[in-house]
Amino acid sequence: MTHPKTGKALGEFGRIDRYFKPLASGFPGARGLADDAAVFGVPPDRELVVTTDAMVAGVHFFPDDSPGDIAAKLLRTNLSDLAAMGAAPYAYTLVTALPKSVGEDWLAGFAAGLGEDQARFGIALAGGDSVSTAGPITLSVTAFGLVPKGGAVPRWGGRPGDRVFVTGTVGDAALGLQIAFGKLEVADDSARAALLRRLRRPDPRTTLGPRLVGLATACLDVSDGLIADLGHLCEESGCAAAVESGRVPLSCAARAVIGTDPARFALALTGGDDYELLFTAPEDAAPALAGLSAETGVPVTAIGRLVDGPAGNVTATDPQGRALDLPTRGWDHF
Ligand SMILES: Nc1ncnc2c1ncn2[C@@H]1O[C@H](COP(=O)(O)OP(=O)(O)OP(=O)(O)O)[C@@H](O)[C@H]1O
Ligand SMILES: Cc1ncc(C[n+]2csc(CCOP(=O)(O)O)c2C)c(N)n1
Ligand SMILES: [Mg+2]
Ligand SMILES: [Mg+2]
Ligand SMILES: [Mg+2]
């Protein structure tokens, strides 16, 4: 696409003007994307929570995924980290490193996807950077959230005896990824679509997350895999965990696809890309959590307990109490 007046390619600043400035217009701190940096304060009773996650084509998404889906996943994975801290979305910055082959149609779809999710989640673009790359599409968001002073929920507050809870359902995205790779055939159209959708458009728990402040002893979001991420929580909390795998919530689609296949079930527990909240709370928090779940419409399921044991050790048992044999705990880039 070319500039309407000059007929030339838009260029770096034309692209910023057309696609990114509109995304920043509702946030005065962005200074219209016309300055060297953003400037914003936070209300006196709040603290800023800052998180960054990057995505690379071929590693986090498929190069031919729709730009709207890519935008949604980029923003939502970062919103999930805010939710895991108990923070409400506030603003974000964006870095795009795009091969020269990426045209404006792609950018238009990407910006539209960001715009839709900005409205959905109540967050605005505050700034960023646009560069070209000789490599694959590489994107990064830094998200800023607000939490009551001192209220951020850490990974390290879990104590032996606490119950372990997870929101929503686990494993859909990992099964969706196998479908996308062509390694898993799912005949039922609606089940296939549901699993692929969870891969491409996770549901960050932005409403429930902030409500965990003062209720959860520890929290994180499941990006690498349920078992791996519970391991991270346990490492930081200096304890171990016991998961009753029969309690792990699965969607109807996932349940149908897993059937009685142990390898597929293991994939659900370790495949990652779930962006659900995994948190711990004392036994007596269960009624409050049930109320919160009813109020927010987000399922919250108890799946096990923190126990004394080697820090970071996670055991998962089947309904008969036998140890599950998991080939891996979760995703590791290296
Ligand atoms: N390159 C880096 N420089 C500084 N800190 C980093 C870097 N990579 C990771 N971290 C920090 O390490 C911790 C764990 O990072 P990690 O990326 O695993 O968390 P996450 O975002 O919750 O998980 P995921 O990336 O799988 O979504 C975080 O505190 C993060 O800020
Ligand atoms: C094409 C393609 N291949 C593999 C995956 C799976 N995957 C990639 S990174 C990651 C962990 C979270 O990332 P990070 O730790 O970098 O935040 C997972 C589960 C995918 N989504 N798309
Ligand atoms: Mg990260
Ligand atoms: Mg996280
Ligand atoms: Mg993350």
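Into which domains is the protein chain divided? Domain 1 covers 11-148, and domain 2 covers 163-317. Keep in mind that this is a predicted model.

Let's start with how the two domains meet. Their C-alpha centres lie 26 Å apart. Domain 1 puts 20 residues into the contact, and domain 2 puts in 17 residues. Look at the domain 1 side. Three elements each supply at least two residues there: α2, β2 (88-98) and β4 (138-148). Helix α2 gives the largest share, eleven residues. By class, this side of domain 1 has twelve nonpolar, three polar and five charged residues.

Now the ligands. Which residues are around ligand 1? They are D53, D81, S223 and D224. That shell has three charged residues, one polar residue and no nonpolar ones.

Ligand 2 has a longer list. Going along the chain, D53, V59, H60, F61 and F62 come up, then L177, then S223 and D224, then G272 and D273, and finally W331. The class split here is five nonpolar, three polar and three charged. Where does ligand 2 lie relative to the domains? Both domain 1 and domain 2 give residues to its shell, so ligand 2 lies between them. Note that D53, S223 and D224 appear around ligand 1 and also around ligand 2.

Next, helix packing. Two packed helices are described by the angle between their axes and the distance between the axes. I have two pairs to show.

The first pair is α2, residues 67-85, with α3, residues 104-121. Their axes come within 7 Å and cross at roughly 40°. That makes α2 oblique to α3. The crossing is right-handed. On the α2 side, the contact uses P67, G68, D69, I70, A71, A72, L75, R76 and L79. On the α3 side, it uses W106, G109, F110, A112, G113, L114, D117 and F121. By class, the residues of this contact are eleven nonpolar, three polar and three charged. Remember α2 from before: this helix also supplies eleven residues of the side of domain 1 that touches domain 2.

The second pair is α4, residues 172-180, with α5, residues 189-200. Here too the axes come within 7 Å, and the crossing angle is roughly 105°. Is α4 roughly parallel or roughly perpendicular to α5? That angle makes the two helices roughly perpendicular. From α4, the contact takes D172, A173, L175, G176, L177, I179 and A180. From α5, it takes R192, A194, L195, L196, R198 and L199. The residues divide into nine nonpolar, one polar and three charged.

One link to finish on. L177 of α4 is in the contact with α5, and L177 is also one of the residues surrounding ligand 2.

Notes. Residues numbered from 1 in each chain as written. Chains lettered and ligands numbered in written order. Predicted model: local features only at pLDDT ≥ 70, side-chain atom pairs only at ≥ 80, totals over all residues. Near = placed C-beta within 6 Å. Nonpolar A, V, L, I, M, F, W, Y, C, P; charged D, E, K, R; others polar. Domains from an automatic or database assignment. Axes fitted to C-alpha atoms, helices over the stretch in contact; angles between N-to-C directions. Helix = DSSP H or I, 4+ residues; strand = E, 2+ residues; numbered from the N terminus. Parallel < 35°, antiparallel > 145°, perpendicular 65-115°, else oblique. Left-handed = near helix turned anticlockwise from the far one by under 90°. Contact = placed C-beta atoms within 7 Å.
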